[in-house]
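Biologist: Could you take me through one part of this model closely, and then place it in its wider setting? I am new to the structure and would like each term explained as it arises.

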Amino acid sequence: MSKEFMDHRKHVTRRYFMGKLSLGVGSVALGSLLIPDLFSNSESPVASTGLPHFAPKAKRIIYLFQNGAPSQLESFDYKPLLNKMTGQELPASIRMGQRLTGMTSGQSKFPLVGSYFKFNQHGNSGAWVSEMFPNISKVVDDICFIKTMHTEAINHDPALTFMQTGAQQGNRPSMGSWLSYGLGSENKNLPAFCVLLSRGRGNGQGVYSKLWTNGFLDSVHQGVQFSSSEERVLYLKDPEGRDRADRRNMLDQLSKLNDLNYKEFGDPEIQARVQQYEMAYRMQTAVPELTDLSKEPDNIIKMYGSDCLVPGTYAANCLLARKLSEAGVRFVQLYHQGWDQHGNMVGEMPLQAQDTDRATAALIMDLKQRGLLDETLVIWGTEFGRTNYCQGDLTIKNYGRDHHPRCFTMWMAGGGVKAGTTYGETDEFGYNIASNPVHVNDFHATVLHLLGLNHEQLTFKHLGRRYRLTDVGGKVISGLMA
Amino acid sequence: MQQSIRFFKNLSLFFLLLTSFIFLFEDRVVIPLWLQVAGRLHPALLHIPIGIVVMLVLLLLVRSQFKSKQFKKVLAISLTMATVTITLTAFFGLLLSFSDDYGADSLQRHKVSGLALAWLSYFVLVFYLSTSEIRMLKHAGILLVFVLLVFVGHTGSVLTHGENFILAPLQTSVPRVDSVNASVYQLAVMPVLEKKCFSCHNEKKAKGKLIMTDPSKFKTGGESGVAFVAGKSDSSRMIHHILLPLAHDDHMPPDGKPQLTGFEIDLLKAWINSGADFDKPLAAYNPTDTLVKLAGKTIESYYASSVNYTFKPATPDLIQKLNTPFRSVFPIHINSPALQADFFVKEYFTIQSLKELQQINEQLVALSLSKMPITDSDLQLLSAFQNLEKLNLNFTNLSGTGLGNLDKCSNLKSISLAGTQVTPETIKPLLSLPNLKTLYLWNTGIDTTQQHQLEKDYPTINFVHTAYKDESILTLSKPMLVNEGILTQQDLLTLKHTMPGVTIRYSLDGTKPDSVNGIIYYGPIKLDETVKLQAVACKPGWYCSKLLETTVYLEGYKPENITLLTPADKQYRGEGALSLTDGRKGFVDIFKEPSWLGFRENDFVSSVDFGNQPPTLNKVVISYSDNVGSYIFPPTEVQIWGGQSEHNFKLLTTEKITEPTGYRTPFNGFIPVSLKESNFQYYKIVAKPIAKLPKWHGGKGQKGWFFVDEVFFY
């Protein structure tokens, strides 16, 4: 902080100006030697202007993050061979000595286990979906399944951080912040990036605010976490005895004071703060309408399930996500916890599915009937998959699965995705990828592409180099796009 | 010194003659391999004469600083060195021209000019060393060498860097293709070759004598034959080289250069298999052709992302002026003249704000008025937007009578009318719009039968209603307890449900309420002790909710002092005895937090002091954690002792607690222990952790834990 103040003071001295000028001319000359197209006006890297680089397929994202890693083998990646071979050892030719977590590396046996839950084909696309997801089964023709996601991390926190920020260490801007930076806010009365949390009944893993951090981007791009209580945005009501006019007057005076301070110190955070005050003022009008679910018609309530009226549930978050997205919020990030079934798969996973299945499908149908699915990208995703062998005791009635980063399933629906298809294939053991792998970087590149952004051009210079969501990797997977 | 100058002069002549000889009889001489290695030094060596000659020119400029005789010597030495290195460079360069494949034209230019330079510098040297006194002419000779050197250097750089290397950064690249009739080759195949192959296989630098940039030369092939056989990718040399292992010498592109991706290889194969045509547009291919499938994607997205709008963009100032917090106006992407406008927050909407968009009536292609209070008569404002493609009128106050105003917006592709009162009659004018593809009609005055009729009558339009079928009966969500935590004596137990029209039934005595049993909840309830609350919500048309089961804690009498007579486990000491009466409940799962006290090795024994005027107690409630999976069990037995001094207690009552019979979901439980009305100053509370975990438990036989967070007195 103090460095910025000092820099600001330096701006006004003649000596500093002259020094900067000579250095500037020199570096422009040097720069033109090092970067041949520095002076050309074609296809040079575009800094963010808050607009898509090319015509976007989707304008907004709703990202339904299933935190904890729901098993792909009990949901969407149907592997009948595992049922036939349940109890038999995972062949070494399949495992190929690949790494394990500390939780199963001590196991002497790796018995394969098939899904306890039945699979059926659905829709015109004939997608296989487990019986735990009867409602998602009804919308499979709007969905593009990616069976071959793979990641680099094997434990929750790094994998989750990698999936959401493109790096495992957790100091980078999250996906929503990149989009807010790249596309700007559509509705200036609401944050461009909103975060909604819920918790299921299964074994859970934490989520932390580093997952919706703006990292080195301007703090206006930070995800705004909505409360799980009835008052979804806290402190939005005027205090008793104060009305809007008082509030306006107070903000006007405050902004004058802040302005004085800005002129003196030039700290950009002061302006960011003033902007946030103004947005909060406008949110006082915009948010109550959004969070008021009492005007939703009965059939919408039934569609999402009656839980959607209970603040803090996944269903309520889905309904709110629809309303936020409808109101132009670029990126609505949901996290639903409780998918970490190391044991008790049979007991816990149905509970998790019950809490999410209906509302997930409802969200897709609801967006569709409003004409919004075309321009909204809905992503159902997680941090990694689960092993095809059993963790702990394998009994007739129950089993568990460990972390598996080599393949897992995610799906997308809406804006620009190839609906009613499946991309990629895992081997018949559900252990390795057989064809068309999709790395996390590739996934990010593709999502940015759908939003009209070139992942190589969406950069921000920090600590001397240009950073991207996809870091130094990523390719756009055209097979996912319509 | 004279001698060495003569030696170098003659050495130069030797190389000069040798170079000229080879140059003349290029086709008949065979260069030994080791000499070809020397040839590769050419690019390094060439910088030395450049340096020396530049130095010579500089010396000429500052010659007044030297004594004339000395200057002559310096110049003679430098010029000799320049000549030797120039001839040597020319010789090496000629050797290099044998080993590498360069485009013929520019190579020939470089060879000839290089040799000329070598001869020129030799003659200038000879002339300089001669006795002639015409100094000006001597110096002019040196300048001539410099000028020719610059030219030769340039022709050489064209060989390595290509034409126009220097000015390239200042030139803007011309958009590649713009016509819809452009061929698949131009749109999809060439961009791949351009990225991965053209840098070596072009007119200037035809490696392997293959030039790919020109279709006719590409067809002819290179020194080892044709590059591809139309229709047969398997027998095409190009594909063969691409598919060789990376380590193989003939693998293309060579190791270290950007490699082709799987998709790109498939695309090249498909193009060859489909006849390797350079001019055929996409439409001319059979739609089932693999090439169409692969290239189609690239081409379609090329067109989709570059819809050519012919109208002029609005000025940035105007766009900025039109942006308010409640009206966003922005280009659909960078450099696009097309604009999108969205309105937000209906409280701030005015018709004036819609009228102002007339200033961009040409550029507006997408407009959202969703939820804004506009009426049918306002729609006439929209007739000015002739390039409008997408219009969102969801949840506006329309009845549809004004939709006729849109008949001039002939570019409309998608109109959303969900949540309006439009009818099959009022949407009629929309159905004749020439480009209309999708109409969203969910939640309007149009029912599904009418929709099916529309679908029959207008098969080209997609009418979207809803995919949701209301068939199953669903379960309501549970009622909610409004005041969580511990109630004070003034608080009332309050329940609520967010669904309008539900009935809540409850019980406080452990009986299960259902749709007919239990007390109907009308309003907040006054409690006089900690209770187990069970409540259920019911509504006609829904299944009753699952049971809400929870303990509602009520604050009791506060003792003056409370102490632990036995220590809590080191790991779970909480805040000592204070944790027991601080009014803070522990969380179910998180037992390592200060609300909880954990006991395992010894009983929980606590002493309570109510002071001089003790209240009359009827009940003691112990709040504990039940988390059997984590070895945390209810105590097997609770004893309450009373006494008038700290040292003299008598047992008032003992409560045995039944052992859990299997794993269960963790919860916070409570043990109510009734007392006969007693008013002792001191009480002692004892709870015994389970000594041996039961047989069904994974830790059978081990000691279990007892966790307590609060004790209440009533």
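**A hairpin and its wider setting**

Modeller: Strand 2 (residues 119-122) of chain A and strand 3 (residues 127-130) of chain A run antiparallel and are paired through 4 bridges (strands are DSSP runs of E of at least two residues and helices runs of H or I of at least four, numbered from the N terminus; pairing needs at least two DSSP bridges). The model is predicted, with local features requiring pLDDT of at least 70 and side-chain atom pairs pLDDT 80 or more, while totals for chains, interfaces and linings use all residues. Residues are numbered from 1 along each chain as its sequence is written, with chains lettered from A and ligands numbered from 1 in the order written.

Within this pair, Val129(A) of strand 3 of chain A lies opposite Asn120(A). The two strands make a hairpin, and 4 residues separate them. In the turn, Gly123(A) adopts a positive phi of about 70°.

The hairpin belongs to a chain of 482 residues, 50% of them buried (20 or more other C-beta atoms within 10 Å of the residue's own). Chain A holds 12 helices and 17 strands. Of its contacts between residues at least 6 apart in sequence, 76% link residues at least 24 apart (a contact is a pair of C-beta atoms, placed from the backbone, within 7 Å).

Burial is evident in helix 6 (residues 175-183) of chain A, where 9 of the 9 residues are buried, so the helix is largely enclosed by the rest of the structure. Among these buried residues are Met175(A), Trp178(A), Leu179(A), Tyr181(A) and Leu183(A). The buried residues of helix 6 of chain A pack against several elements of chain A, including strand 1 (60-66), helix 5 (156-165), strand 7 (331-337) and helix 12 (440-450). Gly184(A), just after helix 6 of chain A, has a positive phi of about 75°.

Elsewhere in chain A, helix 10 (residues 314-326) and helix 11 (residues 345-369) pack with their axes 8 Å apart, at an angle of about 15° (axes are fitted to C-alpha atoms over the stretch in contact, and angles run from 0 to 180 degrees). Helix 10 and helix 11 of chain A are therefore roughly parallel (under 35 degrees). Residues of helix 10 of chain A in this contact include Tyr314(A), Cys318(A) and Arg322(A), and those of helix 11 of chain A include Asp355(A), Leu363(A) and Asp366(A). The contact comprises 8 nonpolar, 2 polar and 4 charged residues (Ala, Val, Leu, Ile, Met, Phe, Trp, Tyr, Cys and Pro are nonpolar, Asp, Glu, Lys and Arg charged, and the others polar).

Chain B offers further examples. Helix 8 (residues 184-196) and helix 11 (residues 262-273) of chain B cross at roughly 125°, their axes coming within 10 Å. Tyr185(B), Ala188(B), Val189(B) and Val192(B) of helix 8 of chain B meet Glu264(B), Leu267(B), Leu268(B) and Trp271(B) of helix 11 of chain B. By class, the residues of this contact are 7 nonpolar, no polar and 1 charged.

Chain B also has an open, antiparallel sheet of 5 strands in the order 15-18-23-20-21. Its edge strands, strand 15 (561-564) and strand 21 (648-656) of chain B, each pair on one side only. From one strand to the next, the twist averages 20°. Strand 20 (residues 637-645) of chain B is joined to strand 21 of chain B by 7 bridges, and Val638(B) has Glu655(B) in strand 21 of chain B as its bridge partner.

Key: Parallel < 35°, antiparallel > 145°, perpendicular 65-115°, else oblique. Contact = placed C-beta atoms within 7 Å. Buried ≥ 20, exposed ≤ 12 C-beta atoms within 10 Å, placed from the backbone.
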